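Open the structure in your viewer and keep the selection tool ready. Each stop below says what to select and what is there.

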Amino acid sequence: MATSKQYDAIIIGAGMSGLYQLHRLRELGLSVRLLEAGTGVGGTWYWNRYPGARFDSESYSYAYSFSRELLDEWDWGEHFAGQPETLRYLNHVADKFDLRRDIEFRSRVAAAHYDDETRTWDIRVEDGERFTCRFMITAVGPLSAPTLPAIEGVEDFTGQSFHTARWPHQPVDFAGKRVAVIGTGATAVQTIQEVAKTVGQLTVFQRTPNWCAPLHNAKIGPEEMVRLRAGYPEMFQRCQETFSCFIHTMDPRGTFEVTPEEREAFWEKLYGEPGFGIWQGNFRDMLTDRRANALISEFVAGKIRQRVKDPATAEKLIPRNHGFGTRRVPLETRYYEAYNQPNVRLVDLLETPIQRITPAGIRTSDAEYEFDIIVYATGFDAVTGSFDRIDIRGLGGQRLKERWRHGPETYLGVMVNGFPNMMMLIGPHMALGNIPRSIEYNVDWVSGLMRHVRDRDISRVEATEAGVTTWTDHVKTLGEGLLSNEVDSWMTGVNRNVEGKQVRIVNRYSGSAPAYRARCDEVAADCYGELSLG
Ligand code: NA7
C-alpha cells in the first residue's frame, strides 16, 4: 500500500473556490494540499474551452474582490470576458499568490473515507496516491461532471467528437466542415453562434428550446476601465445587497402594477441592455405569477419571431414547456440570426428523435446525417454529480451518494451530519447566483470555522441531525411556489442521461444571498454552537 501524505486540510479542485480556499488556509498557517484533476488551475474556465465560452455576468462583478492589489492591477478587456481571458486571470491569481506550490495536478480524487478513530479522511487519487487529512474541503463545482447523451452509438462515430466541457487545448478548425451540435442550453448557444461564423455546414439538434436574450457585450477601453475601477467599492457593495449577487436585481414593481405601455417600454429597455437584467432585474413576480410569466414569455417570443426569418424555424425555437426565466436564460450574440444563414439548419428532436449515432453521423427517425465533427453540448450531472463521482464515505462507511439518493441533505449547504470534518464549497443548498460572490463568502465562512477549531485544538466538526433537517426543510420551503421548480432542468436536478436523475429535486437554495449570509453569520457569532465540536 502506498504511504499516505498527511495534511491539516485537503482541498479538492483548483477552480475559483478551491484557489481562494487554499490562499485563506495558508494564511491560517495550516498545512494544505490541493488536489486537481486537470493540468492547470481554473476549474470551469480550465475545462470549458469550447468556442465562444464566456461570462454571462459582468467580468468585474465575477472577479475576486478580496485583494485590492489584484483589483488594481487586473484590467478586463470585455464587459463579458471570454474563456481565454478568464483563464489568464485565474492563472495570474495563482501566480500572484504563489498557489501552485501547494497544488497536485493530474490528481483526480477517486475515494475519500472518514475514520472516526483518528478523526481523519483518507483520500485516494485515481493513480493510487494516498493523502490523509483532518479536514477535507470539497471545491468540486456545481457544473463539473459532464454527461454525454445516453444515445446508442456514441462510441461508433469515426469523425471528431467533443463534449464542450472536455474541449481540446488546441483550436478546432470548423472551416468547410459538416458540424453537428447536440443541445441548446447556455453552452450550446455560445457554441452555435461562434461556430456558425466559420463552419461549412452546421446542424443543431434541439430537444428543448430555451428562452435566450441578448448579451450586448462590448470591449472595455483604458478610460472605461479607470471609471469601472473607481466604482468597484459601490459595485461590490451592490452585489452584497442584491438577491443573487448580480449587479442586477428584481424590480420592486409587480407586472400588473404598471400600464401595458409602461410594461412594454420596460421590457424593451431590458432587452436592449447588457447582461442578466431581463432575467434578474425584471418585475418581482415574473417567476412566481403564471400570468406575469406568460406575458414576458410572449414578449420574448415576439423578439424571436422578429429575428428568425423562417417562421417555421422561429416557432421551433420558442419554448412551449416552460416560461421565460424558469430555466437558466442563455445570453446570446446573434444566436437567432445564425438560423438565417443558408448553411445552418435546425433539427427538432421532438418531431424526429435521434435514434442513434452512426459511424458517419447521426440517424433520426426520418433522416441519416453525415458529419465531420459532432459537438456534445449536453450539459452536466449538476450539483450533486461531482460528489457522486467520488466514493465519499462517512461514519460507519455510509456513502454520501446513498445518503443523497432522494436529494441532498445539508447544513447551510456546507456540511452533512455523518460526514465529520467535511466542508463543501458551493455545495448543494448553497446560494449560487453570481457564483464568485457566493464563493468568497463561503470560503471566508469555512476559514472562520477553521480558525476557530485551530485556536481551540478541536479535531472533530460535525453538523447535527437537527441542523441538517432544519436547513433542508428550510431550503425546500423556499422553493415552494417558484415556477422554476416545476420545470425539468439541471437546476432541479434532472438529467435524462443519468440513471436515478429523472425526478425533480430541490438541490439549490432559492432564498436571497443576504438572508443566507445572515444565517451563516449568526452561526459564527454564536461560536458555531449549532455544530457538534470536539
Ligand atoms: P444544459 O443547460 O443542461 O443543456 C444541455 C443541453 O443538451 C439541453 O439542451 C438538453 O436538452 C440537451 N441534451 C442533453 N441530453 C440530450 C440528449 N440525449 N439528446 C438531445 N439533447 C440532449 O447544459 P449547458 O452546458 O448548456 O449549461 C449548464 C450550465 O453551465 C449553464 O446553465 C451555465 O450556468 C453554465 P433538454 O433540455 O434536456 O431537453
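Select strand 14 together with strand 15 (residues 368-370): the two run antiparallel and are joined by 3 bridges. This is a predicted model. Between strand 14 and strand 15 there are 3 residues, and the two strands form a hairpin. To see one bridge, pick I362 and then its partner in strand 15, Y369.

Now add strand 13 (residues 354-357) to the selection. Strand 13 pairs with strand 14 (residues 361-364), also over 3 bridges and in the antiparallel sense. Here too there is a hairpin, with 3 residues leading from strand 13 to strand 14. For a bridge on this side, select R356 and its partner in strand 14, R363. While the strands are on screen, show their side chains and keep a general rule in mind: in a regular strand, side chains alternate between the two faces of the sheet.

Next, select the ligand and the residues around it. How many residues surround the ligand, and which come nearest? There are 21, and T187, R207, T208, R327 and N497 come nearest. Sorted by class, this shell holds 9 nonpolar, 8 polar and 4 charged residues.

Show the side chains of three residues in turn and look for the oxygen atoms of the ligand.

- T208: an N or O atom of its side chain is 2.5 Å from a ligand oxygen.
- R327: a polar side-chain atom lies 2.9 Å from an oxygen of the ligand.
- R328: the distance from a side-chain N or O atom to a ligand oxygen is 3.2 Å.

The protein buries 84% of the 780 Å² that the ligand exposes when taken alone.

Hide the ligand and turn to empty space. Such space is found by rolling a probe the size of a water molecule over the atoms. Go to the second largest pocket, whose volume is about 730 Å³. To find its centre, select Y50, P51, G52, A53 and E194, which lie nearest to it among the 33 lining residues. Then colour helix 5 (83-96), helix 6 (186-195) and helix 13 (335-338), the elements that each give two or more residues to this lining. The lining of this pocket divides into 14 nonpolar, 11 polar and 8 charged residues.

The last stop is the cavities. The count is 5 cavities of 30 Å³ or more. The largest cavity holds about 50 Å³ of space. Which residues line the largest cavity? Select Y60, A63, L70, L71, W74, W76, Y89 and Y232 to show its lining. Are these residues nonpolar or charged? The lining has 8 nonpolar residues, with no polar and no charged ones. Compare the second largest pocket, where the lining includes 11 polar and 8 charged residues.

Definitions and conventions:
Residues are numbered from 1 along each chain as its sequence is written. This is a predicted model: local features need pLDDT of at least 70, side-chain atom pairs count only at pLDDT 80 or more; totals for chains, interfaces and linings use all residues. Side-chain values use heavy atoms; hydrogens and water are left out. A residue is near a molecule or strand if one of its heavy atoms lies within 4 Å of it. A polar contact is a pair of N or O atoms within 3.5 Å; within protein, one must be able to donate a hydrogen and the other to accept it, and residues adjacent in sequence count only if both atoms are side-chain atoms. Accessible areas come from the Shrake-Rupley method with a 1.4 Å probe; for residues, only the protein chains shown count as cover. Ala, Val, Leu, Ile, Met, Phe, Trp, Tyr, Cys and Pro count as nonpolar, Asp, Glu, Lys and Arg as charged, and the others, Gly among them, as polar. On a 1 Å grid over the protein atoms alone, a cavity is a set of points where a 1.4 Å probe fits but cannot get out, and a pocket is an open set with protein on both sides within 12 Å along at least five of seven lines; lining residues have an atom within 4 Å of a point. Grid points are joined across faces, edges and corners, and a volume is the space filled by probe spheres set on the points. Helices (H or I, at least four residues) and strands (E, at least two) are DSSP runs, numbered from the N terminus. Two strands pair if DSSP finds at least two bridges between them.
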